[in-house]
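This report looks at how a ligand is held by its protein, and at some unusual points along the backbone. Please keep the sequence and the structure in view while reading.

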Amino acid sequence: MQILFPELKPYKRHQLKVSDKHELYVDESGNVHGIPILFVHGGPGGACDASSRRFYDPSVYRIITFDQRGCGRSTPHGELENNTTQDLICDIEVMRELLDVDRWVLFGGSWGSTLSLLYAQAFPARVLGLILRGIFLCRQCDFDWLYKDGARRVFPDCWEEFVNHIPIDERGDLMKAYYARLTGDDELARMAAAKHWSVWEGNCSKLRPSPEALARFTKPHKALALARLESHYFMNKGFIDENQILENMHLIRDIPSRIVHGRYDMVCPLENALALHKLWPTAELHIVRESGHSGSEPGTVDALIRATADIAKQLENFD
Ligand code: STX
């Protein structure tokens, strides 16, 4: 069983201005001359953290982690203006140029898998490989699963807490009701809604509940960015067409790739990974028997670290 590599200190940090308003936090660690790999975090609004650097051999990879617009150490915090999927795809290209990377591997979980796939479909020639976990395809059925009639059947107790925060007459469209509060003028209402939104997702994230992990979802800074950005992106259907990702898989079919998905993923059901894999048989699919959605459960960490080692080997043979 592979476990996370030891904590790493970045050798370089950047504050990258990508628009009039937005600045991104970016850092680099590992081997300056290694294979460039970009960690693409989830949410949207999930931000990277110290563990994001620990899935790859630091002597083999040049590890780049960053916070997408409006979250983590990127500023302004929680900003929704000029914050779309297309903006994020462009930001990744801007980072690639700034960092003087010719081609890189993308490593993304959940929304990070969505964004990695969309970037790869837009710039296939820039992508050496894809390592994706907890596939999220941003279709109506994916939003409905989490916010209407899927995960609630497995977590009815947690769902009650999520629903009870909204008055009865607004419960027909929960996402809309939350979005209104998360973007309203009342600061206390914004924060209360953010915590409920974020805790709902946190509750569904792990096979084995972890009070420490759940506590992180209630932290005001994290909860606010996650809830505001997710509701903004999902109200806008991810700013992509229904089925856009699946319909464009031919563009990236030959990129060396690995898919890792927990069997008990209650945020993004395993069906998503199967649907993707059917159109992408060359991407090896690893179903982790004893994991949920989170990227930090032991079986998932093991599969992801094996995937980064495998891809490094495969790329050696390519050059
Ligand atoms: N959001 C799926 C997603 O990308 C619907 C995601 N789920 N949990 C996370 O991200 C974090 C743990 C990064 C917050």
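Where is the place of P76? In this predicted model, P76 is found in the loop between strand 4 and helix 1, the helix that spans residues 85-98. The peptide bond that joins T75 and P76 is cis, and its omega is about -10 degrees.

A second cis peptide bond can be followed in a similar way, for the bond from G43 to P44 is cis with omega near 5 degrees. P44 belongs to the loop between strand 3, which covers 35-40, and strand 4, which covers 61-66.

One further backbone feature concerns S110, which is not a glycine and yet has a positive phi of about 60 degrees. S110 lies in the loop that runs between strand 5 (104-109) and helix 2 (111-122).

G43 and S110 also lead to the ligand, since both are among the residues that come nearest to it, together with W111, E201 and E230, out of 13 residues around the ligand. By class, this shell is made of six nonpolar, five polar and two charged residues. Helix 8, which spans residues 220-235, gives the most to the shell, with three residues. The shell also draws on two domains, with at least three residues coming from domain 1 (12-137 + 239-314) and at least three from domain 2 (141-238).

The table lists distances from a nitrogen atom of the ligand to an N or O atom in the side chain of the residue named.

| Residue | Ligand atom | Distance |
|---|---|---|
| E201 | nitrogen | 2.5 Å |
| E230 | nitrogen | 3.1 Å |
| H293 | nitrogen | 3.3 Å |

How much of the accessible area that the ligand has on its own does the protein cover? The ligand on its own has 380 Å² of accessible area, and the protein covers 86% of this. As for the site itself, the ligand sits in the largest pocket.

Notes: Residues are numbered from 1 along each chain as its sequence is written. This is a predicted model: local features need pLDDT of at least 70, side-chain atom pairs count only at pLDDT 80 or more; totals for chains, interfaces and linings use all residues. Side-chain values use heavy atoms; hydrogens and water are left out. A residue is near a molecule or strand if one of its heavy atoms lies within 4 Å of it. A polar contact is a pair of N or O atoms within 3.5 Å; within protein, one must be able to donate a hydrogen and the other to accept it, and residues adjacent in sequence count only if both atoms are side-chain atoms. Accessible areas come from the Shrake-Rupley method with a 1.4 Å probe; for residues, only the protein chains shown count as cover. On a 1 Å grid over the protein atoms alone, a cavity is a set of points where a 1.4 Å probe fits but cannot get out, and a pocket is an open set with protein on both sides within 12 Å along at least five of seven lines; lining residues have an atom within 4 Å of a point. A molecule sits in a cavity or pocket if more than half of its atoms lie within 2 Å of its grid points. Helices (H or I, at least four residues) and strands (E, at least two) are DSSP runs, numbered from the N terminus. Ala, Val, Leu, Ile, Met, Phe, Trp, Tyr, Cys and Pro count as nonpolar, Asp, Glu, Lys and Arg as charged, and the others, Gly among them, as polar. Domain bounds come from an automatic or database domain assignment.
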